[in-house]
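Biologist: Hello! I am new to reading protein models and would love a close look at one part of this one. Could you walk me through it slowly?

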Protein chains: 2
Amino acid sequence: MTETNRQLILRTRPTGLLSPGDLQLGESPVPAIADGQALARVKYLSIDPTMRVWMATDSYMPAVGIGDVMRSAGFAEVVESRHKDFKEGAKVVGLTGLQDYCVIDPAGTRNWFQKIPPIPFVSDTTFLGVLGITGITAYFGMTDIGKPQQGETLVVSAAAGATGSIAGQIGKIQGCRVVGIAGGPEKCKWITEELGFDAGVDYKRPDWKEELAAATPKGVDINYENVGGEIMKAVLERMNLHGRVVLCGFISGYRNREAEAIALGTIIVKRLKVQGLLVSDYMDRAKEAITQLGKWKMFGKLKDRETIVEGLEKAPDAINMLFTGGNIGKLIVKV
Amino acid sequence: MTETNRQLILRTRPTGLLSPGDLQLGESPVPAIADGQALARVKYLSIDPTMRVWMATDSYMPAVGIGDVMRSAGFAEVVESRHKDFKEGAKVVGLTGLQDYCVIDPAGTRNWFQKIPPIPFVSDTTFLGVLGITGITAYFGMTDIGKPQQGETLVVSAAAGATGSIAGQIGKIQGCRVVGIAGGPEKCKWITEELGFDAGVDYKRPDWKEELAAATPKGVDINYENVGGEIMKAVLERMNLHGRVVLCGFISGYRNREAEAIALGTIIVKRLKVQGLLVSDYMDRAKEAITQLGKWKMFGKLKDRETIVEGLEKAPDAINMLFTGGNIGKLIVKV
């Protein structure tokens with residue numbers, strides 16, 4: 001065990017991509033714990049688009065304060081405990097922050113720490129992906145908002161990303177024609193050949209809008225949207241009357257304010273239902289999602305992939321990868 | 001009976017407000033009818049924001065063709081009949097167009113003509129307003145999308161307009177706190193003192209956003225939106241988590257493309273449900289709405305008001321009134 005706690009501290013709020021120095025590596029002593037707390041060693045960090053929002057502005061959570069440890073979800077193991085429910089060796093997921101050690105303090109700071117059960121054949125990082133926030137998000141986005149019906153067409157953007165890849169597979173399980181939009185042939189190949197999507201549309205090709213049209217001959221009934229901007233616009237143009245838009249994210253808009261709008265005329269003319277999705281609304285039903293996702297995974301109906309970046313100090317680069325299309329599947333930093 | 005049929009013909013597509021000459025008055029012979037048709041004299045024209053859309057672009061209906069009679073809803077009386085269901089003297093509502101005479105052709109052109117029943121104490125124009133498309137729109141917008149719950153706060157924009165004034169009253173009947181946004185003290189007085197809204201916010205006052213905030217101390221649960229742009233933005237900023245937006249129109253955006261967008265971030269952060277509303281989806285349930293609206297009107301729970309402009313030739317000016325705030329309640333042209 002190191003005696004110091006490396007931490008990535010928010011120094012400046014980014015405007016576009018993260019610049020060197022927005023997050024600065026610092027060191028502080030490993031925190032001492034009080035009664036009712038536990039100390040955990042962070043093993044894996046979940047790198048999610050929402051972190052870019054947390055760096056810039058108040059949203060559904062307050063912005064991270066300048067000078068504070070950068071907020072993130074992560075996987076950790078308890079190394080010292082003064083709390084009866086979080087004994088030494090317990091594996092947890094929660095808002096660890098970008099650091100080596102975190103304090104679990106159920107009565108105090110609300111960092112959502114949950115113990116994970118010892119399930120055979122499931123890797124620790126799965127609890128950040130398919131069986132974690134990512135999977136729960138996709139599950140409720142699809143079942144509660146998208147409500148796929150047999151034979152409908154679902155289009156997922158950022159389809160090779162963590163959430164999109166799961167949302168699309170859930171669509172397949174529910175009997176939809178599923179089209180994924182992703183950047184580059186490798187991602188498109190993965191979602192079609194490995195995940196079973198009916199088509200992959202590579203938005204880096206000049207004719208991608210024609211490809212999207214060709215891949216959706218019956219129009220689009222559900223849009224699981226992660227990107228916004230031009231991509232969302234093209235999908236909405238293909239939407240059928242009374243289509244549903246699961247608005248999970250708009251990666252293109254986190255850096256570019258102009259990309260974060262949707263035309264009211266389209267919503268009216270097509271009588272769309274556009275609904276915002278945040279997983280925090282569903283945490284009391286997390287078990288339902290995890291149980292179902294776990295079954296699907298066990299029976300091979302749900303496949304996942306991870307991009308693992310080594311080293312806490314690489315976390316800022318990893319965050320940028322989300323916006324430059326650098327990862328396939330769940331993006332994780334191994335601390 | 002005149003021997004000619006005056007018609008307002010679409011000559012040019014407007015860019016902002018209608019200019020003189022966009023719609024030109026022409027004359028043609030009163031049409032001869034064939035078997036299965038009826039000829040009706042148009043008495044009243046329903047002047048609706050959607051007409052501005054029909055003039056400019058394809059939408060949920062094709063744009064009106066250049067050189068064609070301008071489309072509009074209206075009230076007419078059959079003067080000659082070769083159709084067993086539309087006898088001479090029958091009163092009808094449907095897409096009459098801006099003209100003196102229209103042909104009812106149930107087997108041919110789809111102009112939605114419906115006979116109206118002879119209800120005592122109900123004026124003919126009521127079937128264009130509370131008991132017509134306007135009322136049906138407000139009814140289903142509120143009951144099917146807004147779904148008001150006792151004690152919730154509803155904000156209606158263009159609240160002194162035809163649809164907004166009814167939507168707000170339905171909100172009151174359902175037990176909501178209802179706040180209307182309207183332009184000028186006369187309209188605000190009408191919606192509060194006559195219609196029973198809890199507050200009226202005059203958006204022409206410089207401090208209207210503060211007034212909106214003061215009028216919605218518990219935030220906003222439902223936004224019945226007719227305006228878009230800055231007004232919608234201000235309402236969305238007051239929305240509570242999981243609020244519903246009934247997107248009925250966006251008058252500000254029909255002339256100004258920039259006003260017709262909604263921020264994706266707001267939808268996600270507040271997990272809003274934004275749903276487009278078009279009354280055509282509900283025409284098979286029209287009777288349900290009319291029955292209920294009729295009861296409310298009969299028992300004095302639903303009040304209405306009309307702005308009547310005299311003369312077919314004034315219809316273009318009347319259309320512009322919708323966008324300059326010239327009317328209170330249902331805007332009608334008496335032919």
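Biologist: In S7(B), which residue is the bridge partner of Val92(B)? Please start there, and then take me on to the place where the chains touch.

Modeller: Happy to! Please keep in mind that this is a predicted model. The residue you are after is Lys115(B), the partner of Val92(B) in S7(B). That bridge belongs to a pairing of S5(B) with strand S7 (residues 114–115) of chain B, which is antiparallel and has two bridges. S5(B), residues 91–94, is also joined to strand S4 (residues 73–81) of chain B, again antiparallel, by four bridges. One residue of S4(B) to look for is Glu77(B), whose bridge partner in S5(B) is Lys91(B). So much for strands within one chain.

Now for the place where the chains touch. Here 29 residues of chain B are in contact with 29 residues of chain A. Together the two chains bury about 2,300 Å², and carbon and sulfur atoms account for 70% of that. Three residues stand out: Leu264(B), Ile268(B) and Arg271(B) provide 30% of the area chain B buries against chain A, more than any other three residues.

Strand pairing turns up here too. Strand S13 (residues 261–263) of chain A runs antiparallel to S13(B), and three bridges link them. To find one, look for Ala261(A), which has Ala263(B) as its bridge partner in S13(B).

There are polar links as well. Eight residue pairs are in polar contact between chain B and chain A, counting pairs with both residues at pLDDT 80 or more. On the chain B side, at least two residues each come from strand S12 (239–247), strand S13 (261–263), helix H8 (264–269) and strand S14 (273–276). H8(B) gives the largest share, five residues. Sorted by kind, the chain B residues that touch chain A are 17 nonpolar, eight polar and four charged.

What about charges? Side chains of opposite charge can pair when their charged atoms come close. Across this interface there are two salt bridges. In one of them, Asp281(B) pairs with Arg271(A), with the closest N and O atoms 2.8 Å apart.

Salt bridges also occur elsewhere, and the count over all chains comes to 36. A nice one to look up is between the side chains of Asp100(A) and Arg6(A), at 2.9 Å from N to O. Asp100(A) sits in the loop between strands S5 and S6 of chain A, while Arg6(A) is in strand S1 of that chain, so this pair ties together parts 94 residues apart in sequence.

Finally, how do the two copies relate? A turn of 180°, with a shift of 0.0 Å along the axis, lays chain B on chain A with an RMSD of 0.0 Å. The copies are therefore related as by a two-fold rotation axis. Moreover, 100% of the interface residues of chain B are interface residues in chain A too, so the copies meet through the same surface.

How values were computed:
Residues are numbered from 1 along each chain as its sequence is written. Chains are lettered from A and ligands numbered from 1 in the order in which they are written. Side-chain values use heavy atoms; hydrogens and water are left out. Contact means heavy atoms within 4.5 Å. Buried area is the accessible area (1.4 Å probe) that two parts lose on being put together, summed over both. A salt bridge is a side-chain nitrogen of Lys or Arg within 4 Å of a carboxyl oxygen of Asp or Glu. A polar contact is a pair of N or O atoms within 3.5 Å; within protein, one must be able to donate a hydrogen and the other to accept it, and residues adjacent in sequence count only if both atoms are side-chain atoms. Ala, Val, Leu, Ile, Met, Phe, Trp, Tyr, Cys and Pro count as nonpolar, Asp, Glu, Lys and Arg as charged, and the others, Gly among them, as polar. Two strands pair if DSSP finds at least two bridges between them. Copies are superposed by least squares on the C-alpha atoms of residues with pLDDT of at least 70 in both.
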